[in-house]
Amino acid sequence: MKRLPLLVWLVLVWGALWQDFSAGNLIFGALIALAVAQAFYLPPIELSGRFNWLRGLLFMLWFIQQVMIASFQVLYWAVVKGPRIRNAVIAVPLRSPSDLLMTAVGHVLSLIPGSLVVEVDRGSATLYVHAMNAPTPESVVKVRQGIQDIEARLIQVMGTKEELAAVNAERAGAPLLTHAGEQQP
């Protein structure tokens, strides 16, 4: 019974992937979901117990805006700079050790053109991100701060009360403290 939300989610993803929500396809998807859940260890997803619907809506609008802006930036870089563009792989330490938040940050980041998560270190809650147009140390810092801002926005939507308090303290001037205990400027 504890796995029921996971199984329902897997069936919905199955239907979406096949773009077919007929009864036969969903039943077949349920059988596959059961087989996957039995064959592979799936760690439990720990939810914070809070979800801010207003922040979620604002996040979705912000996300759509970022996708549109980044699409035009990548188009500009491809047409104007072409092969002269310099990319970087950047280590981005996160505040939260939550698998759910790390996954959400990674997916949001990968859906915004110009960046892609290439590695995740769960132990230190660090994402390694390939970012376009990061030729200088200042641009690397800017990219890192942008990714940490995505995490802060997601914490406002669904983070724990402690994580939300830390983000609010940062907004009031406290330094960003990552999960690994590092202080970020």
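Analyst: Before we look at the surface, a definition: a patch is made of residues with over 30% relative accessible area and no salt bridge, and nonpolar side chains such as Val, Leu, Ile, Met, Phe, Trp and Tyr are joined when they lie within 5 Å. Please keep in mind throughout that this is a predicted model.

User: With that rule in hand, which residues make the nonpolar surface patch here?

Analyst: The patch covers about 750 Å² and consists of Ile64, Met68, Phe72, Leu75, Tyr76, Val79 and Val80. One of these residues, Leu75, is found in helix α3, which spans residues 53-81. As a background for that area, the chain as a whole exposes about 11800 Å², of which carbon and sulfur atoms supply 67%.

User: How should I read the sheet, and in what order do its three strands lie?

Analyst: In general, the strands of a sheet pair through backbone hydrogen bonds, in either a parallel or an antiparallel manner. In this model the three strands form an open sheet with antiparallel pairing, in the order β1-β3-β2. The edges are β1 (88-93) and β2 (115-121), each of which pairs on one side only. Averaged over the sheet and with direction ignored, neighbouring strands are turned by 25 degrees against each other.

User: How many bridges join β2 to β3, and what packs on the sheet?

Analyst: Six bridges connect β2 with the antiparallel strand β3, residues 126-131, and Asp121 stands opposite Thr126 in β3. Helix α4 (residues 99-111) packs on the sheet by touching β2 and β3, with its direction at about 155 degrees to that of β2. Helix α5 (residues 137-158) also packs on this sheet, but it touches β1 and β3, and its direction makes about 45 degrees with that of β1.

User: Turning to a single residue, is Ala33 buried or exposed, and why?

Analyst: The general idea is a cut-off on relative accessible area, where buried means under 20%. Ala33 counts as buried because its relative accessibility is 3%. The residue lies in helix α2 (residues 23-39), and, leaving aside neighbours within four places in sequence, Ala33 is in contact with Leu7, Leu10 and Val11. Across the chain, 34% of the 185 residues count as buried.

User: What is the overall order of elements, and how many helices and strands are there?

Analyst: The chain has six helices and five strands, which run α-α-α-β-α-β-β-α-α-β-β from the N terminus on. Its C-alpha trace spans about 55 × 40 × 30 Å along the principal axes. Among contacts with a separation of 6 or more, 66% come from residues 24 or more positions apart.

Methods. Residues are numbered from 1 along each chain as its sequence is written. This is a predicted model: local features need pLDDT of at least 70, side-chain atom pairs count only at pLDDT 80 or more; totals for chains, interfaces and linings use all residues. Side-chain values use heavy atoms; hydrogens and water are left out. Two strands pair if DSSP finds at least two bridges between them. Helices (H or I, at least four residues) and strands (E, at least two) are DSSP runs, numbered from the N terminus. Axes are lines fitted to C-alpha atoms, for helices over the stretch in contact, and angles run from 0 to 180 degrees between N-to-C directions. Contact means heavy atoms within 4.5 Å. Patches are made of residues with over 30% relative accessible area and no salt bridge: like charges are joined within 9 Å, nonpolar side chains (Val, Leu, Ile, Met, Phe, Trp, Tyr) within 5 Å. Accessible areas come from the Shrake-Rupley method with a 1.4 Å probe; for residues, only the protein chains shown count as cover. A salt bridge is a side-chain nitrogen of Lys or Arg within 4 Å of a carboxyl oxygen of Asp or Glu. Buried means under 20% relative accessible area, exposed over 50%, partly exposed in between (1.4 Å probe, protein chains only).
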